[in-house]
Amino acid sequence: MVGRRRRLGLIVALAALLSACSESSPSTLDPHGPGAARISFLWWVMFGLSILVIGTVVGLTAFGIRRKVRPEGSDDASGIRLIVGGGFVVPAIVLTVLFVMMVRDLGTEASELKSAQLTVDVIAHQWWWEVRYDDGDIVTANEIHIPVGRQVKMNLSTDDVIHSYWVPQLQAKVDMIPGRVNELALQADDAGVYRGICGEFCGLQHAKMQFLVVAEEPADFDAWLQRQTTIPPADDPGLKAFLGSTCGGCHAVAGTEATGTLGPDLTDFGSRRSIGAGAVENNATNLAAWILDAQEIKPGSKMPPQPVSASELRAIVGFLEGLK
Ligand code: CUA
């Protein structure tokens, strides 16, 4: 009775731990797209098989400990059968099953890549994500919008060191390696916002190199894409303050004289959920603090403190938060 209660307590504690983990971080075991669903299924198969193998080994060990020692010289073929069966036949079956599943999944991935009708270029930088649509006609950063239920081909590359692109709830992790472009088919089955992370240590702010995949209905996605071509009025006092400072040297805003490429493109900045690739929430207070001294929030980031007056800061913050 006590043993059963203890076991139950252990199971409840494990379940609580698992649920706490899944609330704080996105999990591959909570898939929202075909890529992650395949990985999740494979994971459960491997988990089931390993439980079976461990259970058998532990059972046989217990059986061997309890078994009476046979008199010397007595003939016993069961030992040989066990070695051949457990050491060769069963592992060969298990590995063959997993190999066939893996080859089938690779084939599916290849056909998904071919069927993708939208291509998005994602370029990793220390420590943010550049996102390009339509061969670079539309550029954004740190938020990747995609239409729900459609395969999107991601061209993954890097501008500096090795990074790794990972949206656990949607697809596998793929490294971004200097000098090459890796391709990945990504699809979300449900509308929603999915957290992406850099999965490879890439320097001081690796942990603050996050992004979001915003999956929306195709009509909403088309409307979002259309909004990216909206040009801010040239006489906007905020734009004038923005261009009058050093901002435009590193950042771009479509349709203006700001064409810098060192930092993230800011064309739809006001609609983004975070500042600094997931460093802080995007609001006027955090943006003002970021402009004045980004190093306080994200030490090591390439953005130096900006010597702007209080009125210039207000105008720039108002301008950027209005870019939607
Ligand atoms: Cu980029 Cu870690």
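Strand β2 (residues 128-133) is joined to β3 by 4 bridges, the two strands running antiparallel, where strands (E, at least two residues) and helices (H or I, at least four) are DSSP runs numbered from the N terminus, and two strands are taken to pair if DSSP finds at least two bridges between them. The model is a predicted one, in which local features need pLDDT of at least 70 and side-chain atom pairs count only at pLDDT 80 or more, while totals for chains, interfaces and linings use all residues. Residues are numbered from 1 along each chain as its sequence is written, and side-chain values use heavy atoms, with hydrogens and water left out. Within the β2-β3 pair, Arg132 stands opposite Val139 of β3.

These strands belong to an open sheet of 5 strands with mixed pairing, in the order β3-β2-β1-β5-β8. Because β3 (138-141) and β8 (182-186) stand at the edges with a single partner strand each, one side of each is left without a neighbour in the sheet. On average, and with direction ignored, neighbouring strands of this sheet are turned by 25° against each other, with axes fitted as lines to C-alpha atoms, for helices over the stretch in contact, and angles running from 0 to 180 degrees between N-to-C directions. Helix α3 (residues 78-115) packs on the sheet, touching β5 (152-158) and β8, and its direction makes about 85° with that of β8; contact here means heavy atoms within 4.5 Å. Helix α4 (residues 218-227) lies across β1 (118-125), β2 and β3, and runs at about 100° to β2.

The axes of helix α2 (residues 34-66) and α3 come within 11 Å and cross at roughly 175°, and the two helices are therefore roughly antiparallel to each other, a term applied to angles over 145 degrees. Residues making the contact include Phe41, Leu42 and Val45 of α2 and Val94, Leu98 and Met101 of α3.

Helix α9 (residues 310-321) has 12 residues and reaches 16 Å from its first C-alpha to its last, close to the 16 Å expected at 1.5 Å a residue, the expected span being 1.5 Å times one less than the number of residues. Leu313, Ile316, Val317, Phe319, Leu320 and Glu321 of α9 are buried, that is, under 20% relative accessible area with a 1.4 Å probe and protein chains only. The buried residues of α9 pack against α5 (237-244), α6 (247-250) and α7 (284-292).

Thr256, found in the loop between α6 and β11 (274-275), counts as buried because its relative accessibility is 14%. The side chain of Thr256 reaches the backbone oxygen of Val253 at 2.7 Å, and Thr256 touches Pro232 and Leu239, not counting residues up to four places away in sequence.

Methods
Buried means under 20% relative accessible area, exposed over 50%, partly exposed in between (1.4 Å probe, protein chains only). A polar contact is a pair of N or O atoms within 3.5 Å; within protein, one must be able to donate a hydrogen and the other to accept it, and residues adjacent in sequence count only if both atoms are side-chain atoms. Angles under 35 degrees count as roughly parallel, over 145 as roughly antiparallel, 65 to 115 as roughly perpendicular and the rest as oblique.
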